[in-house]
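The exercises below are to be worked with the sequence and the model side by side. Each task is followed by a solution in steps.

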Amino acid sequence: MTDTFEKLRAMNVIWDYAGDYSIFPKNYYPMDENYKNIIEGFKFKNFRLDLFSSFFSYLKKDNPFFEEFKNISLLLLDDLAFRKLKERNLVIEDLRKSYANFILNKYRYKKETENVFEQIEKAYYEKVFGRTIKEGKIVRDFYKELFSINTYKSPEIIKDLDVLFKKYFLFERFEQYNELFDQMIEEEKPKNFDKEDLDDSEIEKNINDQFEIQSAEFNGYIYFEEKKKDTNKDIFIFEGDDKKNKREDNFIEDFYGKLSISKKRQELLERELAKGIHKGKKLYFTNGEYTDSPNARFNQKIRKKQSDKNKKYIEINLSINNRAINELKRTIENSLSNYEEDELYRKNYGLLDSINVWKAEILNDSKIFFSNNKDPKPKFQIDLLIDGSASQIKRQEVVADQAYIIASAMDKVNIPIRIMSFSTLRDYTVFNLYRDYKDKGKNDKIFNFFASGSNRDGLAFKTIHKLINENMDENVRKILIILSDGRPNDEKHNINNVNAKIKDQYIEKKAVDDTAKEIRKLKSDRISVLGVFTGEDEDIENAKLIYGTDFCRITKLENFSKVVSIYMKNIMTN
């Protein structure tokens, strides 16, 4: 009976401030947190929650920061509600302080905040007591811009939030929804951003449920429960590190696909490679195969749409691609022919080469004979490593197309090639394998190229160095071709992480120096490296520092395969 009475009291507060007794929010707050009941009622009355529900549906598209974006948006609405309410409500400030104590108390049990929302929330309620924000500069700048939004028109709030998120976070932006989003703002009508998958009634229920549930839930790893037998006490449930790590692993698995190597091997590689500046970071390897979990199915569906676009682009350009494949094939074949004559058929036994016999005495060169039997073609091994970060989102089809051309040409000249992309999300540097050395002719998986996240280049290059050297055949000439924007940057990832401190950011000189160091190590290990640079003028100096003279800038990705053709020719003829 007590529980029912408490619920009725709370609901009456919400109904009173909403001015609408027909609504039935799924969540309510105990009376000692009555500040939130008042705020919720105000939001129901004064904001277009249908528009915000639609906005959240728009933000959810393949977005690892979705929960944080949603919680930050709701916190802003809380603040706007408080600003208006305090003009005529004499007790709202005291109620707010009481609730602030409740929120800050949960952070006393946490060693560190887990994500940017928790940093913002903690800072917000510290400010209630006039305390300064202790978070890093990026968080402070974000906080300042967030709470400078001062309008009660829902379309304007949503537009300002969208601009702010895109300014501070690196995440997928689905261009096909931009026009629909603009229409929603202009017409002030919610839009169905999932119309390809659900009917209108399902969408309405889905996003309304999403908003109503989220309006009262906690984000992060602490959850609030009421004891049914003791309404005067609350308990906090904490997740240990093992559970937290497992949940992070599950998130990455749902987002990118199942781990393609054993867990033991993954951990061994992390212990060996994630050191120094990369301490505490994770490695993840996938072939893009998904589990059957709801989140995995959702992400797989998004990937399938991009894969279909990549495939269509490649098929539309089939005649152009075939010409490029044959041109690259002929260049390599001609270079191979010269290379074989110079390096492979001259031996220190066999038929005497009368033209070069003088070299034995003058140059001390014993290779003055022709072999009676031709050796197999020289062995080259190519790794094509593609920057798969969100900087490639607008050109995913072209990247996939060029990788397909290069792979197809190498198949025709019997040069093994492995193709992977790399990107970083949260603490994970992820490698997506599209084909391995032995997968001759199996290039369809290249259609699955998908850009996301940021890029911790140094750790990626350190890892590919390890993988290349696992093939210890000294007769194989190892070549690494890297497609990159020349800007190693893991800043956006770290702002969402517990260590959101400037000193921990993988940016600017620190990132460039680390990446350059790993390229030098690759070269010193007799691995030929070519950096194909697709970045801006301002990043050319970075590319020079990273790759030295072994880089080439292209302003059109369509020239990528041509650059590879020239590079392979130089490798084989010099």
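Buried means under 20% relative accessible area, exposed over 50%, and partly exposed in between, with a 1.4 Å probe and protein chains only. Helices (H or I, at least four residues) and strands (E, at least two) are DSSP runs, numbered from the N terminus. This is a predicted model, in which local features need pLDDT of at least 70 and side-chain atom pairs count only at pLDDT 80 or more, while totals for chains, interfaces and linings use all residues. Residues are numbered from 1 along each chain as its sequence is written, and side-chain values use heavy atoms, with hydrogens and water left out.

**Exercise 1. Helix 16**

Task: Decide whether helix 16 is largely enclosed or not, and compare its expected span with the distance between its end C-alpha atoms.

Solution.
Step 1. Of the 17 residues of helix 16, 15 are buried, so the rest of the structure largely encloses this helix.
Step 2. The expected span of a helix is 1.5 Å times one less than its number of residues. For helix 16 (residues 396-412) this gives 24 Å, and the end C-alpha atoms lie 25 Å apart, which agrees.
Step 3. N414, just after helix 16, has a positive phi of about 60°.

**Exercise 2. Helix 17**

Task: Repeat the span check for helix 17 and list its buried residues.

Solution.
Step 1. Helix 17 (residues 457-469) has 13 residues and should span 18 Å; its end C-alpha atoms are 18 Å apart, which agrees.
Step 2. In helix 17, 11 of the 13 residues are buried.
Step 3. The buried residues of helix 17 are D457, G458, L459, A460, F461, K462, T463, I464, H465, L467 and I468.

**Exercise 3. The seven-stranded sheet**

Task: Give the strand order of the open sheet, then name its edge strands.

Solution.
Step 1. Two strands pair if DSSP finds at least two bridges between them. Seven strands form an open sheet in the order 3-9-8-7-10-11-12, with mixed pairing.
Step 2. Strand 3 (282-286) and strand 12 (551-553) are the edges, since each pairs on one side only.
Step 3. Ignoring direction, neighbouring strands of this sheet are turned by 20° against each other on average. Axes here are lines fitted to C-alpha atoms, for helices over the stretch in contact, and angles run from 0 to 180 degrees between N-to-C directions.
Step 4. At one edge, strand 3 pairs with strand 9 in the parallel sense over five bridges, and F285 has F431 as its bridge partner in strand 9.
Step 5. At the other edge, strand 11 (residues 528-533) and strand 12 are parallel, with three bridges; V532 has C552 in strand 12 as its bridge partner.

**Exercise 4. Strand 8 and its neighbours**

Task: Which residues point one way from strand 8, and which the other way? Describe also how strand 8 pairs with strand 9.

Solution.
Step 1. In a regular strand the side chains alternate between the two faces of the sheet.
Step 2. From strand 8, I417, I419, S421, S423 and L425 point one way, R418, M420, F422 and T424 the other way, and all are buried. Strand 8 covers residues 417-425, and nine of its nine residues are buried.
Step 3. Strand 7 (residues 379-387) runs parallel to strand 8, joined to it by six bridges, and L385 stands opposite M420.
Step 4. Strand 9 pairs with strand 8 in the antiparallel sense over seven bridges, with L425 opposite Y428.
Step 5. Two residues lie between the strands in the hairpin of strand 8 and strand 9, where R426 takes a positive phi near 55°.
Step 6. Strand 9 (residues 428-435) has seven of its eight residues buried, so it too is largely enclosed by the rest of the structure.

**Exercise 5. Helices 19 and 20**

Task: Describe how helix 19 and helix 20 cross and which residues meet.

Solution.
Step 1. The axes of helix 19 (residues 508-524) and helix 20 (residues 540-547) come within 7 Å and cross at roughly 35°.
Step 2. Contact means heavy atoms within 4.5 Å. V512, T515, A516, I519 and K523 of helix 19 meet N542, L545, I546 and Y547 of helix 20.

**Exercise 6. L51**

Task: Is L51 buried or exposed, and which residues does L51 touch?

Solution.
Step 1. L51 lies in helix 3 (residues 49-59) and counts as buried because its relative accessibility is 1%.
Step 2. Leaving out residues up to four places away in sequence, L51 touches S154, P155, I158, M184, E188, K189 and P190.
Step 3. L51 and M184 are 133 residues apart along the chain, with their C-alpha atoms separated by 7.8 Å.
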